[in-house]
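Hi there,

Here is the structure I promised to pass on to you. Have a look at it first, and then read my notes below.

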Amino acid sequence: KPVNDKIVVKPKEDKNHHITEGGIILPDTVHDGGLTEGKVVAVSDGMYSATGTLIPVVVNVGDTILYNKNAMKAEHTIDSESYIIMSVNEIQSIVREKK
């Protein structure tokens, strides 16, 4: 379980995204500033303010989010699965289906 304002995200695998029509594989550095999609798999309780009030996080487990691929984050592998631990402040958008 993450602590403070942290969340754990499973990045969406998009291996075909970086291949040109001619079959050239482009490294991630070519796409500076792009957004990455991921699914939230764990959420902390939130962070306490200076006055002791709990500020809850704005996402829930199962939410799909967009974050900057260059965001401040820590990558970790568990059972050959890659996860990212990041601050909730690094989220650019929460993706919701139109109803």
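Two rings of Phe, Tyr or Trp count as a pair if their centres lie within 6.5 Å. By that rule, the structure holds zero aromatic pairs. Please keep in mind that this is a predicted model.

One ring does have a charged partner, though: Lys 10 lies over the face of Tyr 83, at 5.6 Å from the ring centre. Lys 10 also has a bridge partner in E2, namely Lys 39.

That brings us to the sheet. Strands of a sheet pair through backbone hydrogen bonds, either parallel or antiparallel. Which kind of pairing does this open sheet of six strands have? The pairing is antiparallel, and the strands come in the order E6-E7-E1-E2-E5-E8. At the edges are strand E6 (73-78) and strand E8 (91-95), each of which pairs on one side only. On average, neighbouring strands of the sheet are turned by 40 degrees against each other, direction ignored. Between E1 and E2, you can look for five bridges.

Next, the inside. The largest nonpolar core has twelve residues, among them Ile 7, Val 9, Tyr 67 and Met 86. Strands E1 (6-11), E2 (35-43), E5 (64-68) and E7 (81-87) each give two or more residues to this core.

Met 86 is a nice place to zoom in. Leaving aside neighbours within four places in sequence, Met 86 is in contact with Ile 7, Val 9 and Tyr 67, as well as with Asp 5, Lys 6, Met 72 and Lys 73.

Enjoy exploring, and write back with any questions!

Best wishes

Key
Residues numbered from 1 in each chain as written. Predicted model: local features only at pLDDT ≥ 70, side-chain atom pairs only at ≥ 80, totals over all residues. Heavy atoms only, no water. Core = buried A, V, L, I, M, F, W, Y, C linked by side-chain atoms within 4.5 Å. Buried < 20%, exposed > 50% of the residue type's maximum accessible area, 1.4 Å probe, protein only. Helix = DSSP H or I, 4+ residues; strand = E, 2+ residues; numbered from the N terminus. Contact = heavy atoms within 4.5 Å. Pairing = 2+ DSSP bridges. Axes fitted to C-alpha atoms, helices over the stretch in contact; angles between N-to-C directions. Phe/Tyr/Trp six-rings, centres within 6.5 Å; stacked < 30°, edge-to-face > 60°. Lys NZ or Arg CZ within 6 Å of the ring centre and 35° of its normal.
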